[in-house]
Amino acid sequence: MSVRAYRYCEALASASAFGFYIYPPIAFALMLDGDRVIWSYDGADDWYALDGAQFPGFYEFFEARAPDSVKSLSPPFLVPAREPGVVQIWSGYLARTAPGWALLSRGLANVPNTQGYENFEGIVATETWFGPLFTNIRLKVTNAPVTFHPRYPMFQVQPLLHQCYRAPSYEVLDFDDLDTTDWERFEATMKPNTEQMRALGHYSVDTRKRERGSSAGAVAAAHGDADDHQGCPQ
């Protein structure tokens, strides 16, 4: 996004900052050659047909550390799908979330997609499903290398409460159902700026102040609880 958007558009900045960037564990390249995918990586001498590939040297690493019952279950690094040009890529991480939470795997928020691939989006129930954190991509070009570099994020994951997507609570109202408070809030949002001295990005400033105030209140409450319990028998 532009510097102006980052500075003044809190909605855009918050969406971009929500979650975590996941970077590829190695520099590598994929290429769609007809209806098959070939790949190469930093240090390789050639391109290889992609029938499923382990991260270089990882199988031995995994086998030396995993319990006997799972030594043969080393997660693959790259797996081609049945659909031409679709590849599953393992990030190198295993994912687990707290009870009630899942992970949304998606492309980078608010980053122009100039790469030769696009990410599929998926919600993984990482509360109960403990396994490789991956992304599925679709190559958009043929006969041209699509490169991945450890210094450029490959996808983004965002934590989600189950109720946000399983049973979202909402109510659809008619226009005539808006009450006085609704109209006052609407007016505050839509009214043209007539204050000559009002700073740019007032929405961003107000939002950040509220968030800092909420955080400070939570910290103060936590400190108060700790003080209240000082000297109490454990």
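The chain holds six helices and twelve strands. The model is predicted, and a good place to start is the confidence that comes with it. The mean pLDDT of the chain is 84, with 82% of the residues reaching 70 or more. Residues 219–234 tell another story, since their pLDDT falls below 50. Apart from near neighbours in sequence, this stretch makes zero contacts in the model. Where pLDDT is low, the predicted coordinates should not be read in detail.

Two values describe the chain as a whole. Of its 234 residues, 26% are buried. Among contacts between residues at least 6 apart in sequence, 64% join residues at least 24 apart.

The strands can now be followed one pairing at a time, beginning with strand 5. Strand 5 covers residues 78–80 and strand 6 covers residues 86–95. These two strands run antiparallel and are joined by three bridges. Val 79 has Gln 88 of strand 6 as its bridge partner. The two strands form a hairpin with five residues between them, and here Gly 85 takes a positive phi near 85°.

Strand 6 also pairs with strand 10 (residues 131–139), in the antiparallel sense and over seven bridges. In this pairing, Trp 90 stands opposite Phe 134 of strand 10. In a regular strand the side chains alternate between the two faces of the sheet.

Strand 10 also contains Asn 136. Is Asn 136 buried or exposed, or something in between? Asn 136 counts as partly exposed because its relative accessibility is 26%, and the partly exposed range lies between 20% and 50%. Leaving aside residues up to four places away in sequence, Asn 136 touches Val 87, Gln 88, Glu 118, Asn 119 and Phe 120. One of these, Gln 88, is the bridge partner of Val 79. Asn 136 and Val 79 are 57 residues apart in sequence, yet their C-alpha atoms are 9.3 Å apart in space.

Another set of pairings involves strand 7 (residues 101–106), which runs antiparallel to strand 12 (residues 155–161) and is joined to it by six bridges. Strand 7 is also joined to strand 9 (residues 122–124) by three bridges, again in an antiparallel arrangement. Leu 104 shows both pairings at once: Gln 158 stands opposite it in strand 12, and Ile 123 is its bridge partner in strand 9.

His 162 belongs to helix 4, which spans residues 162–165. Why does His 162 count as buried? The reason is its relative accessibility of 8%, as buried means under 20%. Not counting residues up to four places away in sequence, His 162 touches Gly 100, Trp 101, Ala 102, Glu 127 and Ala 167. Two of these names, Trp 101 and Ala 102, fall within the residues 101–106 of strand 7. His 162 is 39 residues from Ile 123 in sequence and 9.9 Å from it in space, C-alpha to C-alpha.

Finally, the open spaces of the model deserve a look. The second largest pocket holds about 170 Å³ of space. Its lining is made of 13 residues, and those nearest its centre are Gly 107, Leu 108, Val 111, Asn 113 and Asn 119. Asn 119 has already appeared among the residues that Asn 136 touches. By type, the lining divides into seven nonpolar residues, five polar and one charged.

Notes
Residues numbered from 1 in each chain as written. Predicted model: local features only at pLDDT ≥ 70, side-chain atom pairs only at ≥ 80, totals over all residues. Heavy atoms only, no water. 1 Å grid on protein atoms, 1.4 Å probe; cavity = no way out; pocket = protein on both sides within 12 Å on 5 of 7 lines; lining within 4 Å. Points joined across faces, edges and corners; volume = space filled by probe spheres on them. Nonpolar A, V, L, I, M, F, W, Y, C, P; charged D, E, K, R; others polar. pLDDT = per-residue confidence, 0-100. Contact = heavy atoms within 4.5 Å. Pairing = 2+ DSSP bridges. Helix = DSSP H or I, 4+ residues; strand = E, 2+ residues; numbered from the N terminus. Buried < 20%, exposed > 50% of the residue type's maximum accessible area, 1.4 Å probe, protein only.
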